[in-house]
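Student: I have a model open and want to go through it with you. Can we take it piece by piece?

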Amino acid sequence: MSSNSRVLIVSRDEMLLRTREMILGAFFSVNGAGRVSEARALLAGSSFDLILLCHSLSDDECQQVLDLVEELEKRPLILAFNGPGNGADKPWADQQLGTDAGPYGLLKKCAEMLDFTLKSKAKTHA
């Protein structure tokens, strides 16, 4: 895939949602949803290559998003973000990542899942 890959982040924590949108938005086309209803609207209008379900979501909210994914023609990859004390295995996720991975770990994991090679946008001087 490419930098045109589409990522949907679903999180109830507004600050984490916006921060993760900025981090991933440097390389991918990113949309964020703070509620399942927002995710439903975004999924109805666009296709996504990766959905990131944040640790701020309840199990029920994750299941609601997964139910929406089941209705899609093309199934996106699912990345579950596990927070402290929330490291239970999530067999429904294609990959899992702990919050201790930090911003670069998140970017690296998403790039890996989307088969995208990260390259610095900074220009080097000779």
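Student: Where is Arg35 found?

Tutor: Arg35 is in the loop between strand 2 and helix 2. Keep in mind that this is a predicted model.

Student: Is Arg35 buried or exposed?

Tutor: Arg35 has a relative accessible area of 51%, which is over the 50% cut-off, so Arg35 counts as exposed.

Student: And how far is Arg35 from Asp13, C-alpha to C-alpha?

Tutor: The separation is 9.8 Å, for two residues that are 22 residues apart along the chain.

Student: What about Gly34, buried or exposed?

Tutor: Gly34 is buried, at a relative accessible area of 14%. Gly34 also belongs to the loop between strand 2 and helix 2.

Student: What does Gly34 touch, leaving out residues up to four places away in sequence?

Tutor: Gly34 touches Ser11, Arg12 and Leu17. Also, the C-alpha atoms of Gly34 and Arg18 are 9.7 Å apart, with the two positions 16 residues apart in sequence numbering.

Student: Let me step back. How many helices and strands does the chain have?

Tutor: Four helices and five strands. Starting at the N terminus, the order of elements is β-α-β-α-β-α-β-β-α.

Student: In which sense do strand 1 and strand 2 pair?

Tutor: Strand 1, residues 6-10, pairs with strand 2, residues 29-33, in the parallel sense, over five bridges. The connection between these strands goes through helix 1, residues 14-25, and this β-α-β crossover is right-handed.

Student: Which residues stand opposite each other there?

Tutor: Val7 of strand 1 stands opposite Val30 in strand 2. Arg6 has Ser29 of strand 2 as its bridge partner.

Student: How many bridges join strand 1 to strand 3?

Tutor: Four, and these two strands run parallel. Val7 takes part here too, with Leu50 of strand 3 as its bridge partner.

Student: Why call strand 1 largely enclosed?

Tutor: Four of its five residues are buried, so strand 1 is largely enclosed by the rest of the structure. For the whole chain, 42% of the 126 residues count as buried.

Student: On to the interior. Which residues have the most contacts inside the largest nonpolar core?

Tutor: That core has 20 residues, and the ones with the most contacts inside it are Val7, Ile9, Leu24, Phe28, Leu52, Leu79 and Leu106.

Student: Which elements give two or more residues to this core?

Tutor: Strand 1, helix 1, strand 3 (50-53), strand 4 (77-82) and helix 4 (102-113). Helix 4 gives the most, with five residues. In soluble globular proteins, nonpolar side chains tend to be buried together.

Student: Take Leu52, then. What is Leu52 in contact with, leaving aside neighbours within four places in sequence?

Tutor: Leu52 is in contact with Leu8, Ile9, Val10, Arg20, Leu24, Leu79, Phe81 and Leu106. There is also a second, separate core of 18 residues, which includes Val36, Phe48, Leu66 and Ala80.

Student: Arg20 and Phe81 both turned up in that Leu52 list. Where does the charged end of Arg20 sit?

Tutor: Over the ring of Phe81, 4.0 Å from the ring centre.

Student: How many aromatic pairs does the count come to?

Tutor: Two. In one of them, the rings of Phe28 and Phe116 have centres 5.2 Å apart and planes at 65°, so the pair is edge-to-face.

Student: Which parts does the pair of Phe28 and Phe116 tie together?

Tutor: Phe28 is in the loop between helix 1 and strand 2, while Phe116 is in the segment after helix 4, so the pair ties together parts 88 residues apart in sequence. Both Phe28 and Phe116 are buried. With Phe27, they form one aromatic cluster.

Student: What share of the contacts with a separation of 6 or more comes from residues 24 or more positions apart?

Tutor: In this chain, 59%.

Student: Last one, Asp115. What is its phi?

Tutor: Phi of Asp115 is near 55°, a positive value in a residue other than glycine. Asp115 lies in the segment after helix 4.

Student: Buried or exposed?

Tutor: Asp115 is exposed, with a relative accessible area of 63%.

Note on methods
Residues are numbered from 1 along each chain as its sequence is written. This is a predicted model: local features need pLDDT of at least 70, side-chain atom pairs count only at pLDDT 80 or more; totals for chains, interfaces and linings use all residues. Side-chain values use heavy atoms; hydrogens and water are left out. Two strands pair if DSSP finds at least two bridges between them. A crossover is right-handed if, with the strands pointing away from the viewer, the path from the first strand over the helix to the second runs clockwise. A nonpolar core is a set of buried Ala, Val, Leu, Ile, Met, Phe, Trp, Tyr and Cys residues joined through side-chain atoms within 4.5 Å. Buried means under 20% relative accessible area, exposed over 50%, partly exposed in between (1.4 Å probe, protein chains only). Contact means heavy atoms within 4.5 Å. Rings of Phe, Tyr and Trp (its six-membered ring) pair if their centres lie within 6.5 Å; planes under 30 degrees apart count as stacked, over 60 as edge-to-face and the rest as tilted. A charge sits over a ring if NZ of Lys or CZ of Arg is within 6 Å of the ring centre and within 35 degrees of the ring normal.
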